[in-house]
Amino acid sequence: MNSYRHWRIERDGDGLHWLYFDKAGESTNTFSTEAMTELRSIVSKLAVATGDQRPRGLVVLSAKDGGFIAGADVREFMTLTSPEEAVTLVKRGWDTFNEFAALPFPTLALIRGFCMGGGLELALACTYRIAVDEPGTRLALPEVMLGIVPGWGGMKRLPKTIGAPAALDMMLTGRTVDARRAKKLGLVDEAVPTRVMMNAARITLSNRPAPHQLGFVQGLTLWGPARKFIANQARKQTEKKARRVHYPAPYAILDIWLEQDGNPFSFPAEHPSSLRSLLASPTTRNLIRVFGLQERLKAQGKESTFAARHVHVIGAGTMGGDIAAWCALRGLKVTLQDQSADKLAPAMGRAAKLFKERLKDPRRLRDASDLLIPDIAGDGARHADVIIEAVFENLKVKEDIFAALEAKARPDAILATNTSSIPIEQIASTMRDPARLVGLHFFNPVPKMMLVEIVAGANSRPDLLAACATFVRQIDKLPLPVKSAPGFLVNRILAPYLMEAMRCVDEGIAPEIVDEAALAFGMPMGPLELADTVGLDICVAVGKMLAGSDAPEAATPVRLQQLIAAGKLGCKSGAGFYTYPGGKISKPRADPARVPAGLADRLIAPMLAAAQRALAEGIVADADLVDAGAIFGTGFAFYTGGPMHYLASRTA
Amino acid sequence: MNGQPVYVVDGARTPFLKARNQPGPFAASDLAVAAGRALLLRQNFAPDQLDEVILGCASPSPDEVNIGRVVALRLGCGLKVPGWTVMRNCASGMQAIDSALVNIREGRAQLVLAGGVDALSRAPLLYNEKMVLWFARFATAKSIGAKAAALLSLNPAQVLSPIIGIMRGLTDPVVGLMMGQTAENLAFRFEITRQEMDAFSVRSHQRVAAAQDAGNYTGEVVPLYDTKGEAFLADDGVRRDSSIENLAKLKPFFDRKFGNITAGNSSQITDGGAWLILASEQAVDKFGLPVLGRIVDTEWAGLDPAQMGLGPVHASTPLLQRNGLALNDLDAWEINEAFAAQVIACVRAWNDPAYCKEQLGLDAPLGELDQSKLNLDGGAIALGHPVGASGARIVLHLLNVLKRTGGKRGIASICIGGGQGGAMLVERP
């Protein structure tokens with residue numbers, strides 16, 4: 001029985017079987033075809049086992065440190081060439097888990113660490129679920145993010161386990177829940193500390209309590225008019241975030257649940273919510289491509305063994321303060337330097353707000369707060385492993401800072417600037433060792449923007465650049481290596497698009513109409529709202545820098561000039577292209593019918609052109625990295641797979 | 001004294017924040033962490049190179065009873081650096097320094113972070129005994145009927161009259177006097193007038209204001225930041241408009257009708273924390289530490305709790321004698337200003353032949369303490385008296401005063417509720 005490559009079964013003295021998932025050659029468990037086929041064979045044998053061989057109960061658990069099960073093997077999924085193959089793969093999992101659910105003895109999933117997608121679907125097929133209450137324990141059905149559906153029984157079993165509203169929320173957003181939340185939702189029967197996890201599994205299977213049932217009210221959400229009403233509500237919510245033309249998967253999830261009780265194979269192949277339609281859609285391909293791009297960026301961090309413990313940030317403005325707070329949130333000791341307590345205080349206030357939003361446990365909140373240390377004297381620079389300068393864009397000031405840092409910092413510390421417009425080489429020119437300086441370019445708002453550009457100056461040392469990538473991964477962001485050139489990659493692609501949008505406004509098109517055109521194309525935010533968010537002064541500065549310092553003033557859009565002159569710099573000053581009463585945008589509703597034909601193409605065109613030029617100039621290594629930068633740095637419509645991919649598919 | 005020399009390397013404290021009739025923005029451990037991490041950041045060594053952390057605190061909250069260990073961990077000293085808490089009421093911070101000193105002299109420790117803290121604005125409200133008994137009855141009531149009966153027996157007045165923890169803390173449990181009443185005793189004994197007390201208080205405010213303006217607290221006081229994005233830069237209890245006329249308007253607080261001690265000539269109820277880093281010779285060499293001064297000797301004394309304000313006289317006198325010093329041989333004195341009357345009483349007691357003979361067994365009085373050397377930058381009447389922190393504050397500030405004025409030796413002394421006094425003799429290198 002123990003002749004499997006990816007699974008191991010142990011039988012204990014009480015007749016309980018312990019089924020360990022231990023994927024060969026990997027640190028994380030994922031369901032490859034082979035792993036799934038093996039599981040199916042195990043299940044078939046156990047189902048008919050008799051006498052001594054018949055388990056009194058079965059515990060499914062992971063043999064890895066790195067979590068329970070991370071879901072399907074996406075890399076394998078990416079190699080599939082036809083929708084038919086993909087349907088077959090889904091069917092195999094669906095059948096296996098149905099057979100698992102029908103086993104004639106109680107089963108229990110012991111969940112410690114990540115439990116995603118197929119992992120949670122297997123857990124849902126168990127009689128009982130126990131989650132280990134650790135920070136790493138996360139449960140989710142994130143299939144929707146890849147443009148697919150939880151087709152291994154998730155759509156069928158999750159609503160019956162936790163009620164329709166919570167289940168749809170999880171499936172439509174891909175949201176993760178921790179062990180305590182899972183217990184509250186009824187997703188797991190128990191959330192237990194690590195020290196009693198084995199006992200909890202053993203005792204549950206020997207006591208065999210009545211399996212979890214939905215409460216009366218939750219049960220009602222699955223029936224009749226309530227079911228329809230809830231589906232409609234969820235559909236409306238989804239429409240606000242993603243349009244069906246671009247993102248069919250969430251709509252398919254709703255249809256499959258509402259009309260087929262979660263069976264993804266019931267719709268005829270030509271139905272828009274059928275598995276075949278979905279798997280054949282370019283969106284699904286492209287979202288899986290985006291997933292692949294993200295994995296590639298993550299892999300950039302694996303080249304170095306650098307491990308930061310202490311980060312020193314100079315400049316407590318929006319960027320510096322938020323970078324510091326983010327690093328503390330990720331568990332690093334951070335010293336934040338600025339000239340006075342009055343300059344540091346607002347950053348400390350913003351950090352407190354971020355910690356409160358992200359950390360529910362008051363002890364973890366306190367830990368993060370304790371890690372962020374205001375530092376007027378700049379004492380932290382002597383101890384830090386990474387020093388990030390994020391002061392205002394002034395060459396002289398930055399030169400002075402790095403000259404002082406060179407004398408003060410540890411010789412092995414990373415010295416980085418967050419500049420967006422001054423060439424690294426220029427800042428480094430007065431340093432004794434200019435090869436020490438690198439760029440770490442974060443985006444605003446730091447807590448939300450995943451991408452960090454790692455800017456290589458002409459002389460920057462390669463080992464430091466590799467260490468930067470590792471550091472960026474350490475703080476859970478996505479590193480993108482770029483060459484030092486005006487605007488690097490992201491601003492270079494973004495600025496022409498924003499300028500074009502502003503020119504449209506100069507021509508008399510209402511801002512909300514311009515934004516609507518971009519939203520209809522699939523951008524997550526309209527360009528004018530984005531400009532307001534970035535800050536109009538910064539838009540002008542970036543625009544000028546890209547145009548070259550001798551560009552005529554006239555190149556700046558008129559409306560933009562007027563707003564700047566009036567001190568309306570966007571969201572931060574309460575008004576820009578829109579107004580922000582109480583910090584929230586007030587935006588007139590845009591009638592899609594009023595959007596002029598071709599407006600979206602006009603807005604996108606300069607962006608596409610800039611992407612092509614950036615590639616030609618070698619700002620990043622290849623077209624995929626252009627796409628990765630555009631997607632994670634500018635939010636370029638995910639469903640397209642990125643600007644270069646979009647261009648290629650348009651010409652194809 | 002015996003054993004190794006013990007050096008003070010550096011020190012820092014929070015601004016002292018006056019309690020304003022509601023819990024202040026920082027818990028005691030928050031204050032200690034804020035001052036401690038700023039202090040540790042400017043050192044040549046890492047927090048985990050400390051040998052121990054000792055924190056004096058008179059009223060740690062129930063969730064941080066061993067606040068010394070809580071703070072050590074929060075400061076990033078790591079799991080292996082022990083942390084403990086000492087409590088000697090108003091001298092808890094001085095006791096922490098003395099405990100560090102003993103351990104360094106004994107060779108048990110080389111590098112110690114020691115200090116004191118209290119967040120008096122967060123002193124708890126307590127249930128009175130009747131309420132405690134009621135809770136016990138309610139918890140053991142088995143039936144719904146019994147629970148209902150217990151609920152009905154509850155007297156709303158009883159629920160709405162909690163014991164104010166701070167009033168309990170500031171009342172002597174043995175003689176049953178409030179601290180202010182012990183100061184009234186001293187005023188009576190040494191014939192200190194209301195006018196004299198108020199004048200002393202005005203001087204304290206003026207000296208703190210002048211010291212703030214001259215930057216005498218720079219480096220000693222490190223800013224606090226709250227979660228709302230506000231910075232606290234300086235001690236906020238000082239009143240630059242303080243005058244004898246203003247103070248004369250205040251009503252006596254402790255002996256309400258006929259007393260002399262008012263809120264204006266008493267120390268303020270305040271939140272704050274103060275730290276010093278103490279090091280052995282070996283640690284000074286190993287880490288290349290600067291030396292702010294040396295703790296030469298300590299003395300603790302006991303006296304009648306009803307006269308507790310004379311504690312500094314009882315502790316400092318033997319300290320002076322043991323070290324062959326006269327009152328004015330010292331270049332600076334810090335006597336914690338619990339009450340104006342209490343500091344004035346100390347000065348008078350030393351100059352009073354009868355008191356010196358009867359209470360200290362001296363043939364002749366010690367004489368008149370030169371007040372130009374006493375509390376040069378003001379004291380707790382203007383700064384506030386976060387009980388656990390004050391003892392550490394005056395030792396640190398004394399060293400900073402000596403450094404600034406080029407003085408050599410000084411004594412910091414503090415009166416202690418319950419009838420004790422503490423005194424520490426320090427010396428600049």
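Reader: Does Glu191(B) count as buried or exposed, and how many C-beta neighbours does it have inside 10 Å?

Author: The model is a predicted one. The way to read burial is to count neighbours: a residue with 12 or fewer other C-beta atoms within 10 Å is exposed, and one with 20 or more is buried. Glu191(B) has 9 C-beta neighbours inside 10 Å, so it counts as exposed. The residue sits in the loop between helix 8 (179–190) and helix 9 (194–214) of chain B. Its phi is near 50°, a positive value in a residue other than glycine.

Reader: Where does Asn21(B) lie, and what is its phi?

Author: Asn21(B) is not a glycine, yet its phi is positive, about 60°. It belongs to the loop between strand 2 (17–18) and helix 1 of chain B. Asn21(B) counts as exposed because it has 6 C-beta neighbours inside 10 Å.

Reader: What does the opposite case look like, with a residue such as Ala517(A) that is buried?

Author: Ala517(A) has 28 other C-beta atoms within 10 Å, and is therefore buried. It is part of helix 21 (residues 511–521) of chain A. Leaving out residues up to four places away in sequence, Ala517(A) touches Val595(A), Leu599(A), Ala600(A) and Leu603(A). Take Ala600(A): 83 residues separate it from Ala517(A) in sequence, while the two C-alpha atoms are 5.1 Å apart in space.

Reader: How do I read a whole helix, and how many of the 12 residues of helix 14 of chain A are buried?

Author: Start with length, then cover. Helix 14 covers residues 318–329 of chain A, and at 1.5 Å a residue its 12 residues should span 16 Å; the end C-alpha atoms are 16 Å apart, which agrees. As for cover, 11 of the 12 residues are buried, so the helix is largely enclosed by the rest of the structure. Among the buried ones are Met319(A), Trp326(A) and Leu329(A).

Reader: What covers the buried residues of helix 14 of chain A?

Author: The cover includes strand 10 (310–314), strand 11 (333–337), helix 15 (341–358) and helix 16 (362–371) of chain A. Strand 12 (372–374) and strand 13 (386–389) of chain A also contribute. Just after helix 14 of chain A comes Gly331(A), with a positive phi of about 90°.

Reader: Now the strands. Which strands are joined to strand 2 of chain A, and in which sense do they run?

Author: Strands of a sheet pair through backbone hydrogen bonds, either parallel or antiparallel. Strand 2 of chain A shows both senses: 5 bridges join it to strand 1 (residues 7–11) of chain A, antiparallel, and 6 bridges join it to strand 3 (residues 57–62) of chain A, parallel. On the strand 1 side, Arg8(A) stands opposite Tyr20(A). On the strand 3 side, Leu19(A) has Val60(A) as its bridge partner. Between strand 2 and strand 3 the chain passes through helix 1 (residues 33–48) of chain A, and this β-α-β crossover is right-handed. Strand 2 spans residues 16–21, and 5 of its 6 residues are buried.

Reader: How many residues lie between the strands of the hairpin of strand 1 and strand 2 of chain A?

Author: There are 4 residues between them, and Gly15(A) in this hairpin takes a positive phi near 80°.

Reader: Which strands stand at the edges of the sheet with the order 5-7-8 in chain A?

Author: An edge strand has a single partner. In this open sheet of 3 strands, with mixed pairing, strand 5 (114–116) and strand 8 (177–178) of chain A stand at the edges, so one side of each is left without a neighbour in the sheet. Strand 5 pairs with strand 7 (residues 138–140) of chain A in the parallel sense over 3 bridges. Cys115(A) has Leu139(A) as its bridge partner there.

Reader: Which residues touch the most other members of the largest nonpolar core?

Author: In soluble globular proteins, nonpolar side chains tend to be buried together. The largest nonpolar core here has 344 residues, and Cys468(A), Ile97(B), Leu278(B) and Val395(B) touch the most other members. Helix 20 (residues 490–506) of chain A gives the most to this core, with 11 residues. Beyond its neighbours within four places in sequence, Ile97(B) is in contact with residues including Ala114(B), Leu278(B), Val395(B) and Met424(B).

Terms used
Residues are numbered from 1 along each chain as its sequence is written. Chains are lettered from A and ligands numbered from 1 in the order in which they are written. This is a predicted model: local features need pLDDT of at least 70, side-chain atom pairs count only at pLDDT 80 or more; totals for chains, interfaces and linings use all residues. Helices (H or I, at least four residues) and strands (E, at least two) are DSSP runs, numbered from the N terminus. The expected span of a helix is 1.5 Å times one less than its number of residues. Two residues are in contact if their C-beta atoms, placed from the backbone, lie within 7 Å. Two strands pair if DSSP finds at least two bridges between them. A crossover is right-handed if, with the strands pointing away from the viewer, the path from the first strand over the helix to the second runs clockwise. A nonpolar core is a set of buried Ala, Val, Leu, Ile, Met, Phe, Trp, Tyr and Cys residues joined through C-beta atoms within 7 Å.
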